[in-house]
Amino acid sequence: MPIRRTENGSKWDKTPLCYPATLNAQTSDIILEIGPGRGDFLFYLAANNPRSPVIGIELKSKRYFKLIERTKNLNIANVQIMQADGRDAVAKYFNPESVKEIHVNFPDPWPKRKHVKNRLLGEEFIKNCARILAPEGFLSFITDVESYAADVKNSIKKYKLESLSISTTSDEVFPTYFAQKWKKEGRKFYSLKLTKLTAASI
């Protein structure tokens with residue numbers, strides 16, 4: 001995937017920027033983190049999965065370039081960064097059954113009901129995650145908004161994803177900056193792990 005932008009269509013209807021310039025999206029063991037922020041969890045995933053491409057998908061330009069700088073400084077060879085909307089990325093840039101893990105930690109909850117349509121984990125996003133996940137691959141989702149977790153859970157069966165676990169404790173959450181901050185504030189975390197069914201179990 002070349003490092004360039006086209007100018008047609010909407011703001012995010014264009015070829016995403018990537019670092020390195022060629023995105024390694026043709027294997028069958030990709031790990032994605034959507035919205036990696038500072039990159040703490042992204043680099044943790046890379047260190048613990050050295051043979052897998054670990055791709056961070058970040059929307060904001062400032063964070064995208066900071067992630068590139070941190071990747072270079074840490075010299076982690078299996079990290080790749082894409083600047084794109086997560087919804088567009090899972091819909092367009094990954095082959096069916098090519099991804100073994102998708103991680104989404106604390107996305108914008110859009111708490112007002114009239115804004116729910118703006119949430120990342122809408123039905124179309126979940127459907128596309130199901131398409132690109134390998135059998136027994138999983139989508140891990142963490143939020144501090146109970147209604148968001150409930151809405152995601154209600155969408156699962158429609159797209160051949162199965163809920164494996166829901167936790168309302170914060171102990172299992174990776175200690176990113178915001179996770180630690182919100183834990184100190186006494187917020188509850190809702191953790192949802194969705195695993196794609198195999199053909200035999202559908």
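Contact here means heavy atoms within 4.5 Å. The legends below describe a predicted model.

**Figure 1. Contacts of Leu121 in the predicted model.** Leaving aside neighbours within four places in sequence, Leu121 is in contact with Val104, Pro107, Ile126, Leu139, Phe141, Tyr148 and Val152. Two of these partners, Tyr148 and Val152, are buried residues of helix 5. Pro107 is also among the residues closest to the centre of the largest pocket.

**Figure 2. Overall layout of the chain.** The chain holds six helices and eight strands. Along the sequence these elements follow the pattern β-β-α-β-α-β-α-β-α-β-α-β-α-β. Of the 202 residues, 46% count as buried. Among contacts between residues at least 6 apart in sequence, 73% join residues at least 24 apart. The exposed area is about 10900 Å², and carbon and sulfur atoms supply 50% of it.

**Figure 3. The largest nonpolar core.** This core has 32 residues, of which Leu32, Ile57, Phe94, Ile102, Val104 and Leu121 touch the most other members. Two or more residues each come from strand 2 (30-34), strand 3 (54-58), helix 3 (86-92), strand 5 (99-105), helix 4, strand 6, helix 5 and strand 8. Helix 4 gives the largest share, five residues. A second, separate core has 13 residues, including Leu42, Ala46, Val54 and Ile81.

**Figure 4. The two sides of helix 5.** Helix 5 spans residues 146-154, and within this helix Tyr148, Ala149 and Val152 are buried. These three lie on the same side of helix 5 because they cover an arc of only 95° around the axis. In an α-helix there are 3.6 residues a turn, so residues three or four places apart point the same way. Glu146 and Asn154, on the other side of helix 5, are exposed. The buried residues of helix 5 pack against helix 4 (123-132), strand 6 (133-143) and strand 8 (190-196).

**Figure 5. The largest pocket and its lining.** About 1200 Å³ of space lies in this pocket. Its lining is made up of 41 residues, and those closest to the centre are Gly35, Glu58, Arg63, Phe106 and Pro107. The elements that give two or more residues to the lining are strand 2, helix 1 (40-48), strand 3, helix 2 (61-74), helix 3, strand 5 and helix 6 (177-184). The largest share, six residues, is from helix 2.

**Figure 6. Phe106 and Glu97, two residues with positive phi.** Phe106 is not a glycine, yet its phi is positive at about 55°. Phe106 sits in the loop between strand 5 and helix 4. With a relative accessible area of 15%, Phe106 falls under the 20% limit and therefore counts as buried. Phe106 is also one of the residues closest to the centre of the largest pocket. Glu97, likewise not a glycine, has a positive phi of about 60°. The position of Glu97 is in the loop between helix 3 and strand 5. Glu97 has a relative accessible area of 42%, which makes this residue partly exposed.

**Figure 7. The cis peptide bond at Pro20.** Tyr19 and Pro20 are joined by a cis peptide bond, with omega at about -10°. Pro20 belongs to the loop between strand 1 (17-19) and strand 2.

**Figure 8. Surroundings of Ala130.** Ala130 is part of helix 4. The relative accessible area of Ala130 is 8%, so this residue counts as buried. Not counting residues up to four places away in sequence, Ala130 touches Tyr159, Leu161 and Lys196. Ala130 and Leu194 are 64 residues apart in sequence, and their C-alpha atoms are 9.5 Å apart.

**Figure 9. Lys183 in helix 6.** Lys183 is found in helix 6, an element that gives two or more residues to the lining of the largest pocket. Lys183 counts as partly exposed, with a relative accessibility of 44%. Between the C-alpha atoms of Lys183 and Val173, which are 10 residues apart along the chain, the separation is 9.7 Å.

Notes
Residues are numbered from 1 along each chain as its sequence is written. This is a predicted model: local features need pLDDT of at least 70, side-chain atom pairs count only at pLDDT 80 or more; totals for chains, interfaces and linings use all residues. Side-chain values use heavy atoms; hydrogens and water are left out. Buried means under 20% relative accessible area, exposed over 50%, partly exposed in between (1.4 Å probe, protein chains only). Helices (H or I, at least four residues) and strands (E, at least two) are DSSP runs, numbered from the N terminus. The arc is that of the directions from the helix axis to the C-beta atoms. Accessible areas come from the Shrake-Rupley method with a 1.4 Å probe; for residues, only the protein chains shown count as cover. A nonpolar core is a set of buried Ala, Val, Leu, Ile, Met, Phe, Trp, Tyr and Cys residues joined through side-chain atoms within 4.5 Å. On a 1 Å grid over the protein atoms alone, a cavity is a set of points where a 1.4 Å probe fits but cannot get out, and a pocket is an open set with protein on both sides within 12 Å along at least five of seven lines; lining residues have an atom within 4 Å of a point. Grid points are joined across faces, edges and corners, and a volume is the space filled by probe spheres set on the points.
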